[in-house]
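The exercises below are meant to be worked through with the sequence and the structure side by side. Each one gives a task, followed by a solution in steps.

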Amino acid sequence: MAQFGLPALHGLLIWWFSTGLILVLDGLPTRTFRWSMAAATAVLIVSVFGLVSSASDTSVTGAYTAFTCAVLIWGWLEISFYMGFVTGPRTHHCKHGCSGWRHFGHAVQASLYHEIAVLVLAATVIGLTWRGSNHFGTWTFIVLWWMHQSARLNVFLGVSNLNAEFLPEHLAHIRSFFRSAPMNLLFPFSVTLSTIAAVLLAERAFGAADLFRRTGYTLVTTMMVLAILEHWFLVLPVSAAKLWNGLWQWSLGVRGKPAGAPRPTTKQATIGGRP
């Protein structure tokens, strides 16, 4: 079972700590954002090189490297958006009564540059790895991309746990594109399709003929399962923010604030399902 447990643990830990790191960095004063962005860009460059170097590596190490690099590349996209560096041309709320396709168009404008950046990096990841024999970096990025789009659409159409109060102030206008509702018609389909994909990935992992594929498919399956879990947090009467209480306490301590100080307004950070 260690052949499955260790990759699953690795996927869980990198999801947990990368999410926590984004929370901490996004909660720091805005004057630190340029340094965080510079560091994230350096990690992006290293991760792209790591993805290239692992594209033909069919060892267990190659599977771990490709998966980790893909998650770190996605982390750059998340940091660049939530720190306000790569967002969209629309920076103000919708007027009262704005709805329908017009409202959807405004929502797209609010994150247009971010979505273009996602497309560019997706094309880069696929282009750099597709001719290789190790595609687990590509599949990891596709899983993150799919769940990212699904979460955004579900939040736009309506879910019960919006967590809008966690958005950074410089992205406050995006709250006008959130809709509070018990559930929407897309949610059951997106979760069902994602669950089917997770089951198929798990079958690939358990049926893999070698340790490389077993490790790689387990890593991708773990990320898919975590993203599905984050989707359920959008509609269940459970606050996902409670998962990060310990990290909040630690981040407040880093900044030297008293334990009872109000925490900064930052978004619930989720790597896979973040709206």
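## Exercise 1: A serine and its partner

In this predicted model, the side chain of Ser-150 makes a polar contact with the side chain of His-231, at 2.8 Å. Task: find where Ser-150 is placed, decide whether Ser-150 is buried or exposed, and list which residues Ser-150 touches beyond its sequence neighbours.

Solution. Begin with the secondary structure, where Ser-150 is found in helix 6. Next, take the relative accessible area of Ser-150, which is 4%; because buried means under 20%, Ser-150 counts as buried. Finally, set aside the residues up to four places away in sequence, and the residues that Ser-150 touches are Ser-190 and His-231.

## Exercise 2: The overall chain

Task: state how many helices and strands the protein chain has, and what share of its residues is buried.

Solution. Counting the elements gives nine helices and zero strands, so that the pattern read along the sequence is α-α-α-α-α-α-α-α-α. Of the 275 residues in the protein chain, 53% are buried. As a further step, consider the contacts between residues at least 6 apart in sequence: 78% of these join residues at least 24 apart.

## Exercise 3: Two salt bridges

Task: the structure holds two salt bridges; work out which residues form them, and whether those residues are buried or partly exposed.

Solution. One salt bridge is formed by Arg-152 and Glu-115, whose closest N and O atoms are 2.9 Å apart. This pair links distant parts of the chain, since Arg-152 belongs to helix 6 (residues 136–157) and Glu-115 to helix 5 (residues 112–129), with their positions 37 residues apart in sequence. Both Arg-152 and Glu-115 are buried.

The other salt bridge joins Arg-213 to Asp-210, with the closest N and O atoms 2.5 Å apart. Here Arg-213 has a relative accessible area of 41% and is therefore partly exposed, while Asp-210, with 25%, is likewise partly exposed.

## Exercise 4: A threonine in helix 5

Task: describe the surroundings of Thr-129, starting with what its side chain reaches and going on to its contacts.

Solution. Thr-129 lies in helix 5, and its side chain reaches the backbone oxygen of Val-125 at 2.8 Å. With a relative accessible area of 1%, Thr-129 is buried. Leaving aside neighbours within four places in sequence, the contacts of Thr-129 are Leu-51, Ala-55, Asn-134, His-135 and Thr-138.

## Exercise 5: The second largest pocket

Task: find which helices supply at least two residues each to the lining of the second largest pocket, and how the lining divides into nonpolar, polar and charged residues.

Solution. The second largest pocket holds about 250 Å³ of space, and of the 14 residues that line this pocket, Leu-21, Ala-40, Val-43, Leu-72 and Ile-79 are the closest to its centre. Helix 1 (2–26), helix 2 (33–54) and helix 3 (60–82) each supply at least two lining residues, and helix 3 gives the most, with five. Sorting the lining by type gives 11 nonpolar residues, three polar and no charged.

## Exercise 6: An alanine in helix 8

Task: locate Ala-227, and say how far apart Ala-227 and Val-191 are in sequence and in space.

Solution. Ala-227 is placed in helix 8 (residues 211–233), and is buried because its relative accessible area is 2%. Ala-227 and Val-191 are 36 residues apart in sequence, and from C-alpha to C-alpha they are 9.6 Å apart in space.

How values were computed. Residues are numbered from 1 along each chain as its sequence is written. This is a predicted model: local features need pLDDT of at least 70, side-chain atom pairs count only at pLDDT 80 or more; totals for chains, interfaces and linings use all residues. Side-chain values use heavy atoms; hydrogens and water are left out. Helices (H or I, at least four residues) and strands (E, at least two) are DSSP runs, numbered from the N terminus. Buried means under 20% relative accessible area, exposed over 50%, partly exposed in between (1.4 Å probe, protein chains only). On a 1 Å grid over the protein atoms alone, a cavity is a set of points where a 1.4 Å probe fits but cannot get out, and a pocket is an open set with protein on both sides within 12 Å along at least five of seven lines; lining residues have an atom within 4 Å of a point. Grid points are joined across faces, edges and corners, and a volume is the space filled by probe spheres set on the points. Ala, Val, Leu, Ile, Met, Phe, Trp, Tyr, Cys and Pro count as nonpolar, Asp, Glu, Lys and Arg as charged, and the others, Gly among them, as polar. A salt bridge is a side-chain nitrogen of Lys or Arg within 4 Å of a carboxyl oxygen of Asp or Glu. A polar contact is a pair of N or O atoms within 3.5 Å; within protein, one must be able to donate a hydrogen and the other to accept it, and residues adjacent in sequence count only if both atoms are side-chain atoms. Contact means heavy atoms within 4.5 Å.
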